[in-house]
Amino acid sequence: MINQNGYFTTNEKFFISSLNKFFESNFNTVNGNIIRDGIFVRYELYLEQETKYQFILEFCVNDENGNANYVYIPSIVIPLKYQKKHIATSIISIMSYIANTGLGFRFYITNIANERWKQKLIKSGGIEDEDGDIIIDFNKWYEHIIKSKKTSNA
């Protein structure tokens, strides 16, 4: 069961609803909380009854003027056991789709400490900005995923 704690904006609720559907449809059991942590929405979940390793996702729907016009992920921690399940790819796909096509917002992944993952994001259609953040355009991202699946199935 995923518990929600705190007030969430309408735009945040779009993301929360879609992400919850993803977790609930891809894992037998999901336990944890979604909380308001300052300006961030923070997921703290345990997947498949795994109480030793926690999945964490933080995202923010924000701008400097109080009008939301971009979404970014500053933190995502996926336990090693689940990294081969392409959870990050699925989350980026869901969130970039909602941001780019549903809300008309820019979608960023920020503070990337893992250089290998950063290069993978760029190779997958992400564009690095002057701050070192990666901008994800859903159409380019989706196109890359489709090409990758066709190549791996050939």
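1. In this predicted model, Glu-12 is a buried residue, with a relative accessible area of 3%. Its carboxylate is nevertheless engaged: Glu-12 forms a salt bridge with Arg-36, and the closest N and O atoms of the pair are 2.4 Å apart. Glu-12 belongs to helix H1 and Arg-36 to strand E2, so this salt bridge ties together parts of the chain that lie 24 residues apart in sequence. The partner is placed otherwise with respect to solvent, since Arg-36, at 28% relative accessibility, counts as partly exposed.

2. The search of the whole structure finds four salt bridges. As general background, side chains of opposite charge can pair when their charged atoms come close. Arg-42 forms a salt bridge with Glu-44, the closest N and O atoms being 2.6 Å apart. Arg-42 is buried, with a relative accessible area of 17%. The pair should be read together with Glu-58, because Arg-42, Glu-44 and Glu-58 are linked in a network of salt bridges.

3. A further salt bridge joins Lys-118 to Glu-128, with the closest N and O atoms 2.9 Å apart. Lys-118 lies in helix H3 (residues 115–123) and Glu-128 in strand E7, so the pair ties together parts that are ten residues apart in sequence. Lys-118 counts as buried at 11% relative accessibility, whereas Glu-128 counts as partly exposed at 39%.

4. The strands form an open sheet of eight, in the order E1-E2-E3-E4-E5-E6-E8-E7, with mixed pairing. Its edge strands are E1 (2–5) and E7 (127–128), each of which pairs on one side only. Edge strand E7 is also the element that holds Glu-128, the salt-bridge partner of Lys-118 in helix H3.

5. At the other edge, E1 and E2 pair in the parallel sense over four bridges. Within this pairing, Asn-3 stands opposite Asn-33 in E2, and Gln-4 stands opposite Ile-34 in E2. The connection deserves a reviewer's attention: E1, H1 and E2 make a left-handed β-α-β unit. The Glu-12 to Arg-36 salt bridge spans two elements of this unit, with Glu-12 in H1 and Arg-36 in E2.

6. The largest nonpolar core has 38 residues, of which Phe-23, Tyr-43, Phe-55, Phe-59, Ile-91 and Met-95 touch the most other members. The elements giving two or more residues to this core are the helices H1 (10–26), H2 (87–103) and H4 (138–153), together with the strands E2 (30–37), E3 (40–47), E4 (55–62), E5 (70–77) and E6 (106–109). Helix H2 gives the most, with seven residues.

7. Met-95 illustrates how this core is assembled. Leaving aside its neighbours within four places in sequence, Met-95 is in contact with Phe-15, Leu-19, Leu-57, Phe-59, Val-71, Ile-73 and Phe-107. One of these contacts, Phe-59, is itself among the core residues that touch the most other members. A second, separate core has five residues, including Phe-40, Cys-60, Tyr-70 and Tyr-72.

8. Two backbone positions merit inspection. For context, most residues other than glycine have a negative phi. His-86 has a phi near 60°, a positive value in a residue other than glycine. His-86 is placed in the loop between E5 and H2, and with a relative accessible area of 48% it is partly exposed. Asn-111 has a phi near 55°, likewise a positive value in a residue other than glycine. The place of Asn-111 is in the loop between E6 and H3, where this residue is exposed, with a relative accessible area of 60%.

9. On confidence, the mean pLDDT of the protein is 84, and 92% of its residues reach 70 or more. Among the elements, H1 has the highest mean pLDDT, at 91, and H4 the lowest, at 74. Both helices give two or more residues to the largest nonpolar core. H1 is also the helix of the left-handed β-α-β unit.

How values were computed
Residues are numbered from 1 along each chain as its sequence is written. This is a predicted model: local features need pLDDT of at least 70, side-chain atom pairs count only at pLDDT 80 or more; totals for chains, interfaces and linings use all residues. Side-chain values use heavy atoms; hydrogens and water are left out. A nonpolar core is a set of buried Ala, Val, Leu, Ile, Met, Phe, Trp, Tyr and Cys residues joined through side-chain atoms within 4.5 Å. Buried means under 20% relative accessible area, exposed over 50%, partly exposed in between (1.4 Å probe, protein chains only). Contact means heavy atoms within 4.5 Å. pLDDT is the predictor's confidence in each residue, from 0 to 100. Two strands pair if DSSP finds at least two bridges between them. A crossover is right-handed if, with the strands pointing away from the viewer, the path from the first strand over the helix to the second runs clockwise. A salt bridge is a side-chain nitrogen of Lys or Arg within 4 Å of a carboxyl oxygen of Asp or Glu.
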